[in-house]
Each structure stands twice: as structure tokens, then as C-alpha cells.
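Here is a small set of exercises to work through with the model open in your viewer. Try each task before you read its solution.

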Amino acid sequence: MNSLRKKPWNRVDHPVYSISSMANGKANMNICTYAIPVSMHPKRYVVAIYKNTRTLENVQKNPEFVLQILAQHHDRLVTLLGKKSGNDIDKIKRLKEPVGQFHTFTFLSTCLAIIHLKVIQWMDGGDHLCALCDVVGYKNLTDNTPLTLGFLRKKKIIVG
């Protein structure tokens with residue numbers, strides 16, 4: 001497709017993340033594409049979380065979560081983590097991926113890295129709430145190719 005026909009925000013490829021959240025002893029994961037570092041000192045991110053989701057409910061109850069940088073081979077998780085609701089199913093039980101524990105959070109052992117975030121402020125972003133977060137810690141895990149929106153479009157997992 002000619003790039004001039006795309007919407008401006010779709011012209012640049014973006015990484016695909018997953019949020020791992022926990023509240024009341026119940027873990028959840030989702031797909032997140034609206035996340036960006038916004039400060040070097042202190043290191044901070046803004047992460048947008050869809051309204052009316054299990055992830056948002058969890059993060060509002062427990063304002064810490066893990067942002068996972070996904071690898072290309074995680075493309076097969078987009079349907080489970082992004083197109084199904086944690087209000088309807090237990091996504092963690094349905095995972096067929098190796099997982100680990102980072103503090104109280106379940107994470108995908110094969111992701112590129114995990115970033116432990118703590119919400120310090122909320123902003124309304126329309127259909128998302130945006131969390132301004134301090135980086136509490138991080139860990140690099142694997143050396144793979146990052147999953148991107150462009151890759152998901154090429155594989156026809158998402159459109160747009």
C-alpha cells in the first residue's frame with residue numbers, strides 16, 4: 001500500500017507489548033500497542049489501557065504492572081491476549097507459552113524484556129485511560145526480533 005494513503009499514525013511501525021496485571025490474586029495479560037517512554041530521568045512511560053477491561057480494573061486496584069516487550073513468535077498470542085476479554089476467560093490458564101514470575105506478576109519467559117511500572121498519574125485518553133508510570137525495574141530476557149504492528153498487518157492478524 002502506498003504510504004501516502006495510510007493514516008499518519010499507521011505510517012510508522014510500532015512495537016507490540018503485553019501488560020501483565022494482578023489484583024485480588026488474579027493475574028491477567030492483554031495486548032498493548034499504546035506505550036512509550038516519555039522521560040529519561042526519572043525513567044517514565046505512558047501506557048494507554050482500554051476502558052472497561054480486566055486489565056484496567058486490575059491496574060486501578062493494584063497500580064503496578066509489568067510491560068512485556070513481545071517477540072515476533074508471539075504473534076499467535078494476539079487472538080488470546082488481544083481479542084478475548086479477561087472478564088470472560090482466564091487468559092493465563094489458556095497460555096501455551098512458558099511463563100515465569102517477577103515479584104507477583106506472571107510474565108512470558110520468551111519475551112524480549114519486562115519493565116516493572118508503577119502508576120503515578122491517570123489521564124483520560126478517550127477510549128483508553130493513560131497511565132503515567134515510573135519504571136521500578138526491568139529485565140532483559142531474550143535476543144529475538146520484536147513483534148510490531150507492521151508484522152501483524154503483513155500476517156493479516158490485524159487490519160489498518
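**Exercise 1. The helix on the sheet**

Which strands does helix α1 lie across, and at about what angle does it run to β1?

Solution. Please keep in mind that this is a predicted model.
- Step 1: start from helix α1, which covers residues 54–61.
- Step 2: look for the strands it lies across; these are β1 (17–23), β2, β4 (44–50), β5 (64–69), β8 and β9.
- Step 3: compare directions, and helix α1 turns out to run at about 55° to β1.

**Exercise 2. The sheet itself**

Work out the strand order of the 7-stranded open sheet and find its edge strands.

Solution.
- Step 1: walking across the open sheet gives the order β2-β1-β5-β8-β9-β4-β3, with antiparallel pairing.
- Step 2: the edges are β2 (26–32) and β3 (35–39), as each of them pairs on one side only.
- Step 3: for the twist, ignore direction; neighbouring strands are then turned by 35° against each other on average.
- Step 4: inspect one pairing inside the sheet. Strands β8 (residues 113–124) and β9 (residues 128–140) run antiparallel and are joined by 11 bridges. One place to check is D124, whose bridge partner in β9 is L129.

**Exercise 3. Strand β1 and its partners**

Find how many residues of β1 are buried, and describe how this strand is paired.

Solution.
- Step 1: count the buried positions. Because 7 of the 7 residues of β1 are buried, this strand is largely enclosed by the rest of the structure.
- Step 2: sort the side chains by direction. Y17, I19, S21 and A23 point one way, S18, S20 and M22 point the other way, and all are buried.
- Step 3: turn to β2, which runs antiparallel to β1 and is joined to it by 7 bridges. Here S20 stands opposite M29.
- Step 4: find the turn. β1 and β2 make a hairpin with 2 residues between them, and N24 in the turn has a positive phi of about 50°.
- Step 5: turn to β5, which pairs with β1 in the antiparallel sense over 4 bridges. In this pairing I19 has L67 of β5 as its bridge partner.

**Exercise 4. Salt bridges**

How many salt bridges does the chain have, counting a Lys or Arg side-chain nitrogen within 4 Å of an Asp or Glu carboxyl oxygen?

Solution.
- Step 1: applying this cut-off gives 7 salt bridges.
- Step 2: take D90 and K26, whose closest N and O atoms are 3.1 Å apart. D90 sits in the loop between α2 (78–83) and α3 (91–94) while K26 sits in strand β2, so this salt bridge ties together parts that are 64 residues apart in sequence. D90 is partly exposed at 21% relative accessible area, and K26 is partly exposed at 38%.
- Step 3: take R44 and D134, where the closest N and O atoms are 2.6 Å apart. This pair links distant parts of the chain, with R44 in strand β4 and D134 in strand β9, 90 residues apart. R44 is partly exposed at 25% relative accessibility, and D134 is partly exposed at 22%.
- Step 4: take E57 and K61, which form a salt bridge at 3.2 Å, N to O. Both lie in helix α1, 4 residues apart, or about one turn of the helix. E57 is partly exposed at 31% relative accessibility, and K61 is partly exposed at 48%.
- Step 5: extend the pair to a network, in which R54, E57 and K61 are linked by salt bridges.

**Exercise 5. One residue in strand β8**

Is L117 buried or exposed?

Solution.
- Step 1: locate L117 in strand β8.
- Step 2: read its relative accessibility, which is 0%, so L117 counts as buried.
- Step 3: list its contacts, leaving aside neighbours within four places in sequence; among them are Y45, V47, F65, L67, C133 and V135.

**Exercise 6. The whole chain**

Describe the chain by its elements, its extent and its burial.

Solution.
- Step 1: the chain has 4 helices and 9 strands, in the sequence pattern β-β-β-β-α-β-α-α-β-β-β-β-α.
- Step 2: the radius of gyration is 15 Å, close to the 15 Å from the globule rule for 160 residues, so the chain is as compact as a globular protein of that length.
- Step 3: along the principal axes, the C-alpha atoms fill a box of roughly 45 × 35 × 30 Å.
- Step 4: buried residues make up 44% of the 160 residues.

How values were computed
Residues numbered from 1 in each chain as written. Predicted model: local features only at pLDDT ≥ 70, side-chain atom pairs only at ≥ 80, totals over all residues. Heavy atoms only, no water. Pairing = 2+ DSSP bridges. Axes fitted to C-alpha atoms, helices over the stretch in contact; angles between N-to-C directions. Contact = heavy atoms within 4.5 Å. Buried < 20%, exposed > 50% of the residue type's maximum accessible area, 1.4 Å probe, protein only. Rg over C-alpha atoms; globule rule 2.2 N^0.38 Å.
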